[in-house]
Amino acid sequence: GQRKIFIVAIVLLVLINCVTGYFLITENRHKNELSVQKMEVETSYTSLESDYHDMKGSLDAASIEIGQLKGQNADLDKIIEEKQAMIEQEKQNLDEAFSQNKLTQADLGKARTMIERYESSIASLQKQVEVYKQENKQLAVKTEQLGTELVCEKETSTALAEKNEGLTHKITEASYFAIPTVEVAGVKKNLMGNEVETSRVKAAESLKISFETGANKALDPGKVTLYIRIINPRGETIAVAEQGSGTITSTENAKPVQYTKKTDITWNQKSRKVTMYWGRYIQAPGTYKVEVYQSGKVVGRGAVKLV
């Protein structure tokens, strides 16, 4: 009976050793597998972290390289700024994923693809920049040529203008009347209704102003306006707005000059007789002066003394 018990005990011990050995082997194998997996994870993370930093570095480099292309053309600058904004967004996405331990190889693959596109874009943009640079050089040359041509044209125009100004001045001077005599007289109507001259200011009803223009072939045919200025004994211009008085600019000093009355004549390059009357404010005794203006220049003078 003891022999059987001993055999059973030995069998049990063998079984226990086998089971214990199995569990030990299984546990060691599991530990080894865990260790390998841990190493693989650490290696993978290290690789991922390295790739992440590489990606960020590549994105930074791409942004800088693209930024260096700015300043050539407004439309091109807009494209470059859009590319830089996309790069900054991609960097932000990588940072967020990395900080939350959610960064995957797929994310890095996407970033790597984008970097390849950016590199292609940079190459394309560089070609465009070279084109713009060449165009700018050609434009600068054309601008310089145009500037030279404009300077020459300006010099020619100035010379022509000076010549024309001198010619115009000569023509204008020749176009003025030269009225040698302006007759001024105080007049009234007698009992018969006829006009008679008087030297008495109280009897004078108006001033009669008359002159001949003389012939002038340099003045083109057409309407010519003459302005009459009457100056009273106190040296004041007689002017009444409702009677047609106004202001012209003197050619002598470019200052405004009041005139008393104006008259239009139809000019045919032959001498014309001009007669006009003025009856307002002829009351004070003394000398009344008359000036005849044509285009701002005095072309005739006369006077009468009333007592």
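Four bridges join β5 to strand β6 (residues 256-259), and the two run antiparallel; strands count as paired here if DSSP finds at least two bridges between them. This is a predicted model, where local features need pLDDT of at least 70 and side-chain atom pairs count only at pLDDT 80 or more, while totals for chains, interfaces and linings use all residues. Residues are numbered from 1 along each chain as its sequence is written, and side-chain values use heavy atoms, with hydrogens and water left out. As for the overall make-up, the protein chain has three helices and 10 strands; helices (H or I, at least four residues) and strands (E, at least two) are DSSP runs, numbered from the N terminus.

**The β5-β6 hairpin**

- β5 and β6 make a hairpin with six residues between them.
- Across the hairpin, Thr249 has Pro256 in β6 as its bridge partner.
- Side chains alternate along β5 (residues 246-249): Gly246 and Ile248 point to one face and are buried, while Thr247 and Thr249 point to the other and are not.
- Buried means under 20% relative accessible area, exposed means over 50%, and partly exposed is in between (1.4 Å probe, protein chains only).
- Ala254 sits in the loop between β5 and β6, and Ala254 has a positive phi of about 65° although it is not a glycine.
- Most residues other than glycine have a negative phi.
- With 58% relative accessibility, Ala254 counts as exposed.

**Another positive phi**

- Ser295, in the loop between β9 and β10, also isn't a glycine, and its phi is positive, near 50°.
- Ser295 is exposed too, at a relative accessible area of 55%.

**The four-stranded sheet**

- An open sheet of four strands follows the order β2-β1-β3-β8, with antiparallel pairing.
- β2 (195-198) and β8 (273-278) stand at the edges with a single partner strand each, so one side of each has no neighbour in the sheet.
- From one strand to the next, the twist averages 40°; axes are lines fitted to C-alpha atoms, for helices over the stretch in contact, and angles run from 0 to 180 degrees between N-to-C directions.
- In general, strands of a sheet pair through backbone hydrogen bonds, either parallel or antiparallel.
- β1 and β2 share four bridges in the antiparallel sense, and Val187 stands opposite Glu197 in β2.
- β1 is joined to β3 by six antiparallel bridges, with Val182 opposite Phe211 in β3.
- β3 is joined to β8 by six bridges, again antiparallel, and there Ile209 has Met276 in β8 as its bridge partner.
- β3 (residues 206-212) is mostly covered, with five of its seven residues buried.

**Aromatic pairs**

- You'll find two aromatic pairs in the structure.
- In one of them, Phe177 and Trp267 meet edge-to-face, at 4.9 Å centre to centre and 75° between the planes.
- Rings of Phe, Tyr and Trp (its six-membered ring) pair if their centres lie within 6.5 Å; planes under 30 degrees apart count as stacked, over 60 as edge-to-face and the rest as tilted.
- Phe177 is in the loop between α3 (105-175) and β1 (182-189) and Trp267 is in β7 (residues 261-267), so the pair ties together parts that are 90 residues apart in sequence.
- Phe177 is buried at 4% relative accessibility, and Trp267 is buried at 2%.

**The largest pocket**

- The largest pocket holds about 200 Å³ of space.
- On a 1 Å grid over the protein atoms alone, a pocket is an open set of points where a 1.4 Å probe fits, with protein on both sides within 12 Å along at least five of seven lines; lining residues have an atom within 4 Å of a point.
- Grid points are joined across faces, edges and corners, and the volume is the space filled by probe spheres set on the points.
- Lining residues include Arg229, Ser250, Glu252, Tyr293, Lys297 and Arg301.
- β9 (286-294) and β10 (297-306) are the elements that give two or more residues to this lining, and β10 has the largest share, with three.
- By class, the lining has three nonpolar, four polar and five charged residues; Ala, Val, Leu, Ile, Met, Phe, Trp, Tyr, Cys and Pro count as nonpolar, Asp, Glu, Lys and Arg as charged, and the others, Gly among them, as polar.
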